[in-house]
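Grab a pencil and work through these exercises with the viewer open. Try each task yourself before you read its solution.

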Amino acid sequence: MKIAITESQNFSKTGLEKLKTIADVQQYDFKTIKELIQRCKNVDVLFVRLRFKFTKEVLIQLPNVKFILSATTGTDHIDEDFFVKRGGKIICLKGETEFLEQIPSTAEHTWGLLLSLVKKIPFSFDEVKKGNWNRDSFKGNNLKNKKIAILGMGRVGKQVAKIANCFDMEVGFYDIKEVDVPYLKFDSPITLFEWADIISVHIPQNKSNENYIDKKLLSHINKTSVLINTSRGGIWDEDTLCEMIWNKEIKGVATDVLRNELDNKIDKNGLVSLSQKGFPVIITPHIAGATIESMEMTEEFIVNKFINCKIK
């Protein structure tokens with residue numbers, strides 16, 4: 001059996017050694033999908049991260065791949081329907097709630113984005129780097145007593161809410177599931193958005209959640225509110241959001257994800273363009289879960305899950 005690790009930089013050493021006990025492991029750090037396809041035509045297993053999108057067209061050119069391992073909760077970077085229908089199996093972190101509760105990285109990054117936006121940290125730092133020192137232009141807001149709305153009270157949502165308690169904030173949420181938490185529950189995302197000063201998005205991207213935060217829902221955001229997204233870029237209407245930012249119908253946006261982040265056309269993205277023009281937009285390159293500790297833990301977990309799957 002041949003396993004190819006497509007992005008091997010800082011890959012878990014423990015995970016790597018375990019894989020080598022069951023297979024011929026090839027380590028790569030591919031920069032293009034073309035190179036990946038050329039080198040992996042005879043590979044049985046791919047261990048992937050988030051640099052590439054494994055569309056039907058790509059997978060057709062990798063006919064021998066039977067398993068795709070991905071240390072992620074989402075699988076929107078893989079054409080799951082096509083791959084599973086042809087007999088392939090995806091091993092990921094979806095549904096591994098007990099294990100994932102040990103992973104704090106996405107919630108921590110959410111707060112990094114939130115504080116950066118509300119306190120205007122990157123914008124003021126940009127001015128200091130230019131040699132300016134104008135504190136009056138960068139007055140931020142306190143978080144104490146602010147209303148934070150959490151869309152999706154799952155694992156990460158709960159972690160974000162717990163941190164909000166430390167700032168003495170009011171926490172409200174909406175979730176399609178019944179969740180036993182001591183926070184204000186809303187019956188619809190519309191009423192949640194109308195209530196909030198800060199909205200933090202933690203829903204998965206799937207067929208039912210595609211473009212979930214649509215034009216109608218976005219119209220219920222207050223002009224003084226900010227929106228944080230550490231979920232996926234496909235869950236919101238970026239075009240409408242860009243219009244709102246341009247028209248100052250929302251106070252600011254901070255995101256770790258973009259709708260087109262895997263198509264190599266980031267410079268054409270509307271949110272990126274607005275950030276370059278000085279609008280209150282902060283963007284990080286999908287790094288919320290990319291901490292050294294969390295990646296080692298999750299990669300080793302996926303390796304163990306794969307080995308157990310093969311044994312069975």
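**Exercise 1. Place His77 and decide whether it is buried or exposed.**

Step 1. Find His77 in the loop between strand 4 and helix 4 (80–85). Keep in mind that you're looking at a predicted model.

Step 2. Check the accessibility: His77 has a relative accessible area of 1%. Buried means under 20%, so His77 is buried.

Step 3. See what surrounds it. Leaving aside neighbours within four places in sequence, His77 is in contact with Val48, Arg49, Leu50, Phe52, Lys53, Phe54, Ser70, Thr72 and Leu262.

**Exercise 2. Work out which way the side chains of strand 3 point, and which strands pair with strand 3.**

Step 1. Start with a rule: in a regular strand, side chains alternate between the two faces of the sheet.

Step 2. Apply that to strand 3 (residues 45–48). Val45 and Phe47 point one way, Leu46 and Val48 point the other way, and all are buried.

Step 3. Look for partners. Strand 1 (residues 2–5) runs parallel to strand 3, and three bridges join them. Strand 4 (residues 67–70) also pairs with strand 3 in the parallel sense, over four bridges.

Step 4. Zoom in on Val45. In strand 1, Ile3 has Val45 as its bridge partner, while in strand 4 the partner of Val45 is Phe67.

**Exercise 3. Find the order of the seven-strand sheet and say which strands stand at its edges.**

Step 1. Read off the order: 8-7-6-9-10-11-12, an open sheet with parallel pairing.

Step 2. Go to the ends. Strand 8 (184–185) and strand 12 each have a single partner strand, so one side of each is left without a neighbour in the sheet. That puts these two strands at the edges.

Step 3. Check one pair inside the order. Strand 10 (residues 226–229) and strand 11 (residues 252–255) pair in the parallel sense over four bridges. Across that pair, Ile228 stands opposite Ala254.

**Exercise 4. Describe the second largest pocket: how much space lies in it, and what lines it?**

Step 1. Think about the probe: rolling one the size of a water molecule over the atoms shows where empty space is left.

Step 2. Take the volume. The second largest pocket holds about 350 Å³ of space.

Step 3. Look at the lining. There are 19 lining residues, and Leu117, Lys120, Asn141, Val226 and Lys251 lie nearest the centre of the pocket.

Step 4. Sort the lining by type: nine residues are nonpolar, six polar and four charged.

**Exercise 5. Say how many disulfides the structure holds, then compare the accessibility of Cys92 and Cys166.**

Step 1. Recall that a disulfide is a covalent bond between the sulfur atoms of two cysteines.

Step 2. Count them: the structure holds zero disulfides. Take Cys92, where the nearest cysteine sulfur, that of Cys309, is 12 Å away. A disulfide needs sulfur atoms within 2.5 Å, so Cys92 is in no disulfide.

Step 3. Now the accessibility. Cys92 has a value of 8% and counts as buried, whereas Cys166, at 65%, counts as exposed.

**Exercise 6. Find two residues, other than glycine, with a positive phi, and work out how accessible each one is.**

Step 1. Go to Asn211, where phi is near 55°. Asn211 sits in the loop between strand 9 (198–201) and helix 10 (215–218).

Step 2. Go on to His286, with phi near 50°. This residue lies in the loop between strand 12 (281–283) and helix 13 (292–311).

Step 3. Use the cut-offs. Asn211 has a relative accessible area of 28%, so Asn211 is partly exposed. His286 has 17%, so His286 is buried.

**Exercise 7. Which residues does Leu218 touch, leaving out those up to four places away in sequence?**

Step 1. Locate Leu218 in helix 10.

Step 2. Note its accessibility: Leu218 is buried, with a relative accessible area of 0%.

Step 3. List the contacts. Beyond those sequence neighbours, Leu218 touches Ile213, Leu227, Asp237, Thr240, Leu241 and Met244.

Methods. Residues numbered from 1 in each chain as written. Predicted model: local features only at pLDDT ≥ 70, side-chain atom pairs only at ≥ 80, totals over all residues. Heavy atoms only, no water. Buried < 20%, exposed > 50% of the residue type's maximum accessible area, 1.4 Å probe, protein only. Pairing = 2+ DSSP bridges. 1 Å grid on protein atoms, 1.4 Å probe; cavity = no way out; pocket = protein on both sides within 12 Å on 5 of 7 lines; lining within 4 Å. Points joined across faces, edges and corners; volume = space filled by probe spheres on them. Nonpolar A, V, L, I, M, F, W, Y, C, P; charged D, E, K, R; others polar. Contact = heavy atoms within 4.5 Å.
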